[in-house]
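Me: Please take a close look at one part of this structure and work outward from there to the rest of the chain. I would like a careful, connected account rather than a list.

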Amino acid sequence: MKRGIGSEDAETPELAIPVRKVCFIIAKAHEFDVKVAVTEPDTGSNPTDDNEVAVLQDHDDDPVREELGSLISELSIDEQVDLVALTWLGRDDGQAADWEEVRQQAAYAHNKRTARYLCGNPLLGDHLEAGLDALGLSCSG
């Protein structure tokens, strides 16, 4: 285990979700984060004529949103709880040393809308990265 969270003696907690899964979700979240509001819902023109600008707009049926939501929904409950706890940790809703308490709160708050909740966070990728970092983990390497 890596050492990290606050002191030389502290060990990184064992996560229910593999770091590689978190990193994949971070990558998908960053893809989704670059989306902008829809400016013209139905232009009726050919996408190539518009330089395929619609791909950067946040449509309700956006495939990236659907993929991200599916990815999160298919995780086990423990993996979803860890993802929420990492998000909260990354947005400074707790300290790394208090991981067990933050995770307990995430477990208590868990429901069937976890994917919708996380996908509704416009900084999900950044918060997850910061959460991993707080625990002494990262996606590099």
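Reply: A search of the whole structure, which is a predicted model, finds 1 disulfide. The partners are Cys 23 and Cys 139, whose sulfur atoms stand 2.0 Å apart. Cys 23 sits in helix 1 (residues 19-33), whereas Cys 139 belongs to the segment after helix 6 (124-134), so the pair ties together parts that are 116 residues apart in sequence. The torsion about the S-S bond is about -100 degrees, and the disulfide is therefore left-handed. The two ends fall into separate classes of accessibility: Cys 23, at 17% relative accessibility, counts as buried because the cut-off for that class is under 20%, while Cys 139, at 37%, counts as partly exposed. A further cysteine, Cys 119, has a relative accessibility of 10% and also counts as buried.

To place this bond in its setting, it helps to look at the chain as a whole. The chain has 6 helices and 0 strands, which gives the pattern α-α-α-α-α-α when it is read along the sequence. Among contacts in the chain with a separation of 6 or more, 68% involve residues 24 or more positions apart. Of the 141 residues, 36% count as buried, and the chain exposes about 8600 Å², of which carbon and sulfur atoms supply 49%.

Helix 3 is a useful place to see burial in this model. This helix covers residues 77-90, has 14 residues, and reaches 20 Å from its first C-alpha to its last, close to the 20 Å expected at 1.5 Å a residue. Of its 14 residues, 12 are buried, so helix 3 is largely enclosed by the rest of the structure. The buried residues include the hydrophobic side chains Val 81, Leu 83, Val 84, Leu 86 and Leu 89, but also Glu 79, Gln 80, Asp 82 and Thr 87. Just after helix 3, Asp 92 takes a positive phi of about 70 degrees.

Gln 80, which lies in helix 3, counts as buried because its relative accessibility is 8%, below the 20% limit. Setting aside neighbours within four places in sequence, Gln 80 is in contact with Ile 72, Ser 73, Leu 75, His 110, Asn 111 and Thr 114. With Ser 73 there is also a polar contact, in which the backbone oxygen of Ser 73 lies 3.4 Å from a polar atom of the side chain of Gln 80. Asn 111 is 31 residues from Gln 80 along the chain, yet their C-alpha atoms are separated by 9.7 Å.

Helix 3 also meets Trp 99, a residue of helix 4 (residues 99-109). Trp 99 is buried, with a relative accessible area of 2%. Again leaving aside neighbours within four places in sequence, Trp 99 is in contact with Asp 82, Ala 85, Leu 86 and Leu 89, among others, and each of these four is listed with the buried residues of helix 3. The C-alpha atoms of Trp 99 and Ala 85, which are 14 residues apart along the chain, are separated by 7.9 Å. The contacts of Trp 99 also include Pro 13, Leu 15 and Leu 135. Leu 135 comes just after helix 6 (124-134), in the part of the chain that also holds Cys 139, which leads back to the disulfide between Cys 23 and Cys 139.

Notes
Residues are numbered from 1 along each chain as its sequence is written. This is a predicted model: local features need pLDDT of at least 70, side-chain atom pairs count only at pLDDT 80 or more; totals for chains, interfaces and linings use all residues. Side-chain values use heavy atoms; hydrogens and water are left out. Helices (H or I, at least four residues) and strands (E, at least two) are DSSP runs, numbered from the N terminus. Buried means under 20% relative accessible area, exposed over 50%, partly exposed in between (1.4 Å probe, protein chains only). Contact means heavy atoms within 4.5 Å. Accessible areas come from the Shrake-Rupley method with a 1.4 Å probe; for residues, only the protein chains shown count as cover. The expected span of a helix is 1.5 Å times one less than its number of residues. A disulfide is a pair of cysteine sulfur atoms within 2.5 Å. A polar contact is a pair of N or O atoms within 3.5 Å; within protein, one must be able to donate a hydrogen and the other to accept it, and residues adjacent in sequence count only if both atoms are side-chain atoms.
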